[in-house]
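Below are some notes on the model, set out point by point. Please read them with the coordinates open.

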Amino acid sequence: MNTSQRFVLAFAIVFVVSGFVLVAAFDAHRSDVTSYTESAVEDQAEGTAAALDDRLRGQQQTLEVAATNEALADHRSQRQHDALEGVVDQSAFDGASIVDSDGTVQSLTTGDDSESELVGADFSDRPYVQCALEGDRCISDPFVAETDNYIVVISVPLYDDGEVVGTVNAAYHLTETVFFDALSSVDERTGITITQDERILYAQNDHLGETIDRQADLETVDWTVTVHHDQQLLLETLDRLQTFQIIVALAFFGSVTGFAAWVYRSKVKRIGRLTDRLDALEERTYDTEITIGGPAEWHRIDLAMDRLGQSLARREQMLLVHNRILRHNLRNELNVIEGHAAQLEATTEGKDCEAARTIQRATTDLLELADRARTTERLLERSVTDREPIDIVGTLEESIERLHDEYPDVEVHLDAPKTASVVGGPELVVAFDELLENVGQHAGETARVDISVHTEADTVRVLIADDGPGIPAATIERISGSTEISPVNHARGIGLWLVDWTVSLYDGSLEFLTDESGTGTVVELTFERGPLEGGTNELERGK
């Protein structure tokens, strides 16, 4: 997965995760708004119930204070009647009465003609009278009066010398009265209903449609307060919140997308171009027109890549020219020298003949070196993309055949599968030819070579071990790169260099190991594994 794909994947993950987070946050916010509204309605219901409780308790206290007037205990007197009217005039009660200890009405003030008719009436069966005669203060359940109004009566005991001599009873008209006036000041998007056993004592919700309802009970009486909140108001709030959330989400995702686009254009895309430039250099396409562009830093990289491409192109050209001069001009001159040396060898005797033979052998070695130089030219011409599956076992068998054609006494043992595919090219045969020929040249006529091929999950390893004198440590250090090359410090010949260059061309590796016996040479070559193969192959060649 390249950088662009990883960036797109990371951006997609951030985008999706951020989306889930925003949705969760917005949903939680909407839930909070709904919960807050419902809690506010519930608080209003409880507050209204508490206010009504306070008002009723206040009226009870007012009546208790009024009942301390001694004139109220003077039954059937004008003094009692005047005192009772004073109680009504100085309070919010709509009427009042005094009942003696037997439950008989002694005085009554209601502001209408029914006053005289009710004096002497028996109220002993009324619960609020019975409650007050027992020494408690109480509030009656609402009941319908002759005026069709709901009435509630507050009763307190009437004392004379510490004894209950009657009750003082004050009535509230719940319909068309000021008792619930304070409730009418609520918001127009809110309504209130007060009920007692499903009887509606007060209602102010006709102007509302669908509502959010919350209830609270009074402590002083068996009344229930229901607050109605217009549901449309909550929906309008949620709509405004949703609009705001959409704007926030668009702004957020727009910013993230814009930033991601900027990073992609200014960084990721240029990294891709840089990678393309490097791929072009690796494929030896030095005159590519790919440009990175961008700010000063990227421009410097662009110029450096141009210079690197020009430098590599010049060096490759120099190598090719040098190689061709070596192969053509030098070879031609060497052929001339070789011909004259052969002629001198044929026409001279003694030391002159031996000198001519020495010249001819040296010339032959140089011509072989020139032939090897042709291999380096082919390696230069190969591209990193010119790779194909190669059967490494078949390639080894061909090199072993050529070894025995030239050195028939060398003993070779091959332990390998029938096939072992690696990623390579035809130049791999050069590496094996050089390694085996090195054994034939330096290990002697009775040399033994053990070759084994090991296939692993992703790689194929080839071990070539001989019992010869071994490769000098200094040569190994030059080939491995642990020691720098200089005019006076370099490896003899080009064979091992060809092995290293060939293996490296296909991303393989070359290592020189120490033999368990302390003599000889063990060379390990590792290649990238190609298509799967199988079977076993053992080959014995030699004396």
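1. Start with valine 21, a residue of helix α1. The model is a predicted one. Is valine 21 buried or exposed? Its relative accessibility is 51%, and exposed means over 50%, so valine 21 counts as exposed.

2. Val21 belongs to a nonpolar surface patch whose other members are Leu9, Ile13 and Val17. Together these residues have about 350 Å² of accessible area.

3. Helix α1 spans residues 3–66 and lies across three strands: β7 (190–196), β9 and β10. The helix runs at about 35° to β9.

4. What is the strand order of the sheet? The sheet is open and has four strands, ordered β8-β7-β10-β9, with antiparallel pairing. At the edges are β8 (199–204) and β9 (211–217), each of which pairs on one side only. From one strand to the next, the twist averages 20°.

5. Within this sheet, how many bridges link β9 and β10? Seven bridges join β9 to β10 (residues 224–230), in the antiparallel sense. As for individual positions, aspartate 213 stands opposite histidine 228, a residue of β10.

6. Helix α5, residues 231–282, also packs on the sheet, where it touches β9 and β10. The direction of α5 makes about 40° with that of β10.

7. For checking in the viewer, two items can be taken together. Strands β9 and β10 are touched by α5, and α1 lies across both of them as well as β7. The patch with Leu9, Ile13, Val17 and Val21 is on the surface.

Notes. Residues are numbered from 1 along each chain as its sequence is written. This is a predicted model: local features need pLDDT of at least 70, side-chain atom pairs count only at pLDDT 80 or more; totals for chains, interfaces and linings use all residues. Side-chain values use heavy atoms; hydrogens and water are left out. Two strands pair if DSSP finds at least two bridges between them. Helices (H or I, at least four residues) and strands (E, at least two) are DSSP runs, numbered from the N terminus. Axes are lines fitted to C-alpha atoms, for helices over the stretch in contact, and angles run from 0 to 180 degrees between N-to-C directions. Contact means heavy atoms within 4.5 Å. Patches are made of residues with over 30% relative accessible area and no salt bridge: like charges are joined within 9 Å, nonpolar side chains (Val, Leu, Ile, Met, Phe, Trp, Tyr) within 5 Å. Accessible areas come from the Shrake-Rupley method with a 1.4 Å probe; for residues, only the protein chains shown count as cover. A salt bridge is a side-chain nitrogen of Lys or Arg within 4 Å of a carboxyl oxygen of Asp or Glu. Buried means under 20% relative accessible area, exposed over 50%, partly exposed in between (1.4 Å probe, protein chains only).
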